[in-house]
Amino acid sequence: MRTLIDLYMNNFRRMWSRKGMLLLVLAFSLLALSLAVYFTAKFEVRGHLGWIGNGASEAVRPQGFQVTELKEVPRKSALVRGQYDAIVFDEGNGQYRIETFKSEEFRQLVLQAIQHPKQVPPDPSKRGVGTNVAGFLLMFLMLEGLMFMNLFTEDKESGTFKRVIVSSVGIGRYMAAQALFTFSFVYVPTYATIAVIKLAFGLDIGFSLAAYAGLLAVPVALGTAFAWFLLACVEKLDNAMPLASTIILLTSLLSGSFGSRTAGYGTMYWITGLLPQKRFLELVSGLEQNEGISAYAVQLGYVLALTLILLLAGLAVVRRRVREGCY
């Protein structure tokens, strides 16, 4: 244990001298959270309504719709062009007439949102703010894992790694210290940023801070394991970073991390189903809809199992290369 602490503190001192990287981690977290909150608010609107009559008071203003009060009836072309999705005529005494070129289901949805707003079902095609936060954070968390695990690559190139592993420390404890350091330096600043935003500004971030404490650990562990494995396989940092960044960006896009729709069938559906980011987002989305975590045990187990496989595979690669005298 003492050896692990010494290795951890050595990495801590090295990283503390590079405060720019720590500020970059905080900037990544702030950017991801800001984008998630912004896009959730932007895309949760179901339609744009023109309101004709006595004015849309707060009591009758339909939730989830953007409402523009009009003094005169717009031309039909406003509906054709999509300037308005519907025109609501307030005829008084709780009577409303709705004109729209959209389906009858949409007209009934608008009417229900006006008369019975609490009974309007949530839009299943819209992601909640918690899922958006998780999606936007995923890519940044994995990139941050690479940033901090780079100390391992630096040690290999400088010869420090060889001197350490031939001592009483050994490969296992050295790699465990690197993984613990990377996990903590990604997890703690990110969680602290989420807590400050939640407590200081009172923003809706989808989950409680206690829930985020557990949820955040899963992608941080995945990012740590991925960085561990990739940097074990690729010796040169100049080669590892472009490759890793490309893999992370591509898999994040395919998994729907940024709200893009993923394939619902066919070959691409099965390919994206193998991505751990997609499995994690399925878990988060289900929890945000108040489903039990047991319903997503497969998704959680898949991500954790892949994390463990990457860690063991990375350790095996390092041990083999040590036996071959590569360091």
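**Exercise 1. Characterise the lining of the second largest pocket.**

*Solution.* The second largest pocket of this predicted model is lined by Met-142, Leu-222, Phe-226, Ile-247, Ile-248, Thr-251, Leu-274, Leu-275, Pro-276, Gln-277, Leu-306 and Leu-310.

Step 1. Assign the lining to secondary structure. Two or more lining residues come from each of helix 9 (217-233), helix 10 (237-255), helix 12 (276-288) and helix 13 (297-323). Helix 10 provides the largest share, 3 residues.

Step 2. Classify the residues by polarity. The lining of this pocket comprises 10 nonpolar and 2 polar residues, with no charged residue.

Step 3. State the volume. The second largest pocket has a volume of about 170 Å³.

**Exercise 2. Determine how many cavities of 30 Å³ or more the model contains, and describe the lining of the largest cavity.**

*Solution.* Step 1. Recall the principle. A probe the size of a water molecule, rolled over the atoms, shows where empty space is left.

Step 2. Count and size. The count is 1 cavity of 30 Å³ or more. The largest cavity holds about 80 Å³ of space.

Step 3. List the lining. The residues are Gly-130, Ala-134, Leu-137, Leu-138, Leu-141, Phe-207, Tyr-212, Leu-215, Leu-216, Pro-219, Phe-280 and Val-284.

Step 4. Assign these residues to elements. Helix 5, helix 8 and helix 12 each contribute at least two residues to the lining of the largest cavity, and helix 5 contributes the most, with 5 residues.

Step 5. Classify by polarity. The lining of the largest cavity divides into 11 nonpolar residues and 1 polar residue, and no charged residue is present.

**Exercise 3. Describe how strand 3 and strand 4 are paired, and connect strand 4 to its salt-bridge partner in helix 3.**

*Solution.* Step 1. Establish the pairing. Strand 3 (residues 86-92) pairs with strand 4 in the antiparallel sense, over 5 bridges. In this arrangement Gly-92 stands opposite Gln-95 of strand 4.

Step 2. Examine the turn. The two strands form a hairpin with 2 residues between them, and Asn-93 in the turn has a positive phi of about 55 degrees.

Step 3. Separate the faces of strand 4 (residues 95-99). Tyr-96 and Ile-98 make up the covered face, whereas Gln-95, Arg-97 and Glu-99 make up the uncovered one.

Step 4. Follow Glu-99 outward. The side chain of Glu-99 meets that of Lys-76 in a salt bridge (2.8 Å, N to O). Since Lys-76 belongs to helix 3 (residues 76-80) and Glu-99 to strand 4, the pair ties together parts that are 23 residues apart in sequence.

Step 5. Check the accessibility. Glu-99 has a relative accessible area of 23%, so this residue is partly exposed.

**Exercise 4. State how many salt bridges the model contains, and contrast the pair Glu-154 and Arg-14 with the pair Glu-104 and Arg-107.**

*Solution.* Step 1. Give the total. With a cut-off of 4 Å between a side-chain nitrogen of Lys or Arg and a carboxyl oxygen of Asp or Glu, the count comes to 8 salt bridges.

Step 2. Locate the pair Glu-154 and Arg-14. Their side chains meet in a salt bridge (3.3 Å, N to O). This pair links distant parts of the chain, with Glu-154 in helix 5 (residues 129-158) and Arg-14 in helix 1 (residues 2-16), 140 residues apart.

Step 3. Apply the accessibility threshold. Arg-14 has a relative accessibility of 18% and therefore counts as buried, the limit being under 20%. Glu-154, at 25%, is partly exposed.

Step 4. Extend the pair. Arg-14, Glu-154 and Asp-155 are linked in a network of salt bridges.

Step 5. Turn to the pair Glu-104 and Arg-107. The closest N and O atoms are 2.8 Å apart. Both residues lie in helix 4 (residues 104-115), separated by 3 residues, about one turn of the helix. Glu-104 is partly exposed at 42% relative accessibility, and Arg-107 is partly exposed at 24%.

**Exercise 5. Compare the annotated transmembrane regions with the modelled chain, and place Ser-208.**

*Solution.* Step 1. Read the annotation. The unreviewed UniProt entry assigns "transmembrane region" to residues 133-153, 174-197, 209-231, 243-260 and 293-318.

Step 2. Evaluate two of these segments. Residues 174-197 are 100% helix and 0% strand, with end C-alpha atoms 35 Å apart. Residues 293-318 are 85% helix and 0% strand, with end C-alpha atoms 36 Å apart.

Step 3. Place Ser-208. This residue lies in the loop between helix 7 (170-201) and helix 8 (209-215), and is partly exposed, with a relative accessible area of 42%. From Ser-208 to Ala-195 the C-alpha to C-alpha distance is 9.4 Å, at a sequence separation of 13 residues.

Note on methods: Residues numbered from 1 in each chain as written. Predicted model: local features only at pLDDT ≥ 70, side-chain atom pairs only at ≥ 80, totals over all residues. Heavy atoms only, no water. Helix = DSSP H or I, 4+ residues; strand = E, 2+ residues; numbered from the N terminus. Buried < 20%, exposed > 50% of the residue type's maximum accessible area, 1.4 Å probe, protein only. UniProt positions renumbered as here; feature names shortened; annotations may be inferred. Pairing = 2+ DSSP bridges. 1 Å grid on protein atoms, 1.4 Å probe; cavity = no way out; pocket = protein on both sides within 12 Å on 5 of 7 lines; lining within 4 Å. Points joined across faces, edges and corners; volume = space filled by probe spheres on them. Nonpolar A, V, L, I, M, F, W, Y, C, P; charged D, E, K, R; others polar.
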